[in-house]
Amino acid sequence: MSIHKLLLGTYTKRASKGVYEVELDTQSQQLQNATLVFELTNPTYLALSKANKVYAVENRDGQGGVVTLDNTPRPMVELDAQLSDGSAPAYIGVDEARQLVFAGYYHRGLVEVYKIQANGGLQLADSFENKGSGPRPEQSAAHIHFCNLTPDNRLVAVDLGADQVITFDVSDDGQLTELNRYQADAGFGPRHIRFSPDGQYAYLLGELSSLLSVLKYNQEDSSFEHLMTTSTIPDDWSEHNGAAAIRVSADGRFIYTSNRGHDSVSVFECTNLGAEIELIQLISTEGSFPRDMALDPSENYLVIANQETDNLSLYARDEQTGELSLLQKDFVLPEGVRVTFEN
Ligand SMILES: O=C1O[C@H](COP(=O)(O)O)[C@@H](O)[C@H](O)[C@H]1O
């Protein structure tokens, strides 16, 4: 297939109007045809289900939550909105096996679990509110920044405010039972987590510290054990940086993280079966404040959204070395945050 479609979640504070679709033409090796596919307010994160429903973050009339969109027609059609007083989530995950959707509410320190209904809409099944804080100014309260499945189908939630990673058992109807808590170093500011393909290791990205930790994941009790930590940016970088997204290649050999401030992607090589990582490349994102990024299904390409300069950058990925090389840097996409491939 030479055309792959991407969905882009955005902020709508300046130029953007909602959710966009973009094509990657692997023949010409270029991004093309950005189209607004649904108008929403600050849909900074979205997730696609196998039933072709989009679950997107939405702010509406002082309420925040998750809307369900039918991804078949253009423009998309809204099927459901689960909104409650307060701010919207920062992360959404889909559990296909149990037909659940998880939402991580950064500003409310909250995880919500929804059961997917017959039409794709959602019904609240359970919630978990964390408490805690950390030493940095951004850590005055709990901030759930990520919640998604572990390799053994439990739930893992990452709290940037409390420097914690919390694991839960999940019942078929979406009830959560806490299993374990990993406490990161004070001020680490964990944002997102990804696992090695064999499920043995987890890679925890610290937004506030620009650090990446390798953790051993113990499936017996869903606990984590710290193995090593390294920086995502050069030691002599003294200006602000906030680490954002993390991706692991399907073969488990390489990790990609984005740096907001240093405006780069860090490429790490994984060795010792995934237990050790080493920075092997830092490449400019050719724009300001890179947020999310995605590998296409072949993993020959990586697309990243630069939020402040309203552009996407496209790279070719060498599957042997893991290294990225720039193909396109000026593709206009307003206030891009979330990047995900549809096919
Ligand atoms: O990565 C980040 O995300 C949080 C949550 O986003 P929001 O749009 O819900 O506020 C944000 O507050 C934080 O500044 C940022 O670094």
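**Figure 1. Ser222 lies in the loop that links strand β18 (211-218) to strand β19 (223-231).** Welcome to the first close-up! Strands here are DSSP runs of E with at least two residues, numbered from the N terminus. The model is predicted, and its local features need pLDDT of at least 70, side-chain atom pairs count only at pLDDT 80 or more, and totals for chains, interfaces and linings use all residues. Residues are numbered from 1 along each chain as its sequence is written, and side-chain values use heavy atoms, leaving out hydrogens and water. Look at the backbone of Ser222: its phi is near 55°, a positive value in a residue other than glycine. Ser222 counts as buried (under 20% relative accessible area, 1.4 Å probe, protein chains only), because its relative accessible area is 1%.

**Figure 2. Asp163 has a positive phi although it is not a glycine.** You can find Asp163 in the loop between β13 (155-159) and β14 (164-170). The phi of Asp163 is about 55°. With a relative accessibility of 2%, Asp163 is buried.

**Figure 3. A cis peptide bond runs from Arg74 to Pro75.** The omega angle to look for at this bond is near -5°. To find Pro75, follow the chain into the loop between β6 (63-70) and β7 (77-85).

**Figure 4. Strands β26 and β27 form a hairpin.** Strand β26 covers residues 311-317, while strand β27 covers residues 324-332. The two strands pair (DSSP finds at least two bridges between them), and their pairing is antiparallel, over 6 bridges. If you follow β26 to Ala316, you will find Ser325 of β27 standing opposite. There are 6 residues between the two strands, and Gly322 in the turn has a positive phi of about 80°.

**Figure 5. A ring of residues to explore: Tyr11, Tyr106, His107, His145, Arg191, Glu207, Arg260 and Arg291 surround the ligand.** Each of these residues is near the ligand, with a heavy atom within 4 Å of it. Zoom in on three of the side chains. In His107, an N or O atom of the side chain is 2.6 Å from an oxygen atom of the ligand. In His145, an N or O atom of the side chain is 3.0 Å from a ligand oxygen. In Arg260, a polar side-chain atom lies 3.1 Å from an oxygen atom of the ligand. On its own, the ligand has 370 Å² of accessible area (Shrake-Rupley method, 1.4 Å probe), and the protein covers 74% of this area.

How values were computed:
Helices (H or I, at least four residues) and strands (E, at least two) are DSSP runs, numbered from the N terminus. Buried means under 20% relative accessible area, exposed over 50%, partly exposed in between (1.4 Å probe, protein chains only). A polar contact is a pair of N or O atoms within 3.5 Å; within protein, one must be able to donate a hydrogen and the other to accept it, and residues adjacent in sequence count only if both atoms are side-chain atoms.
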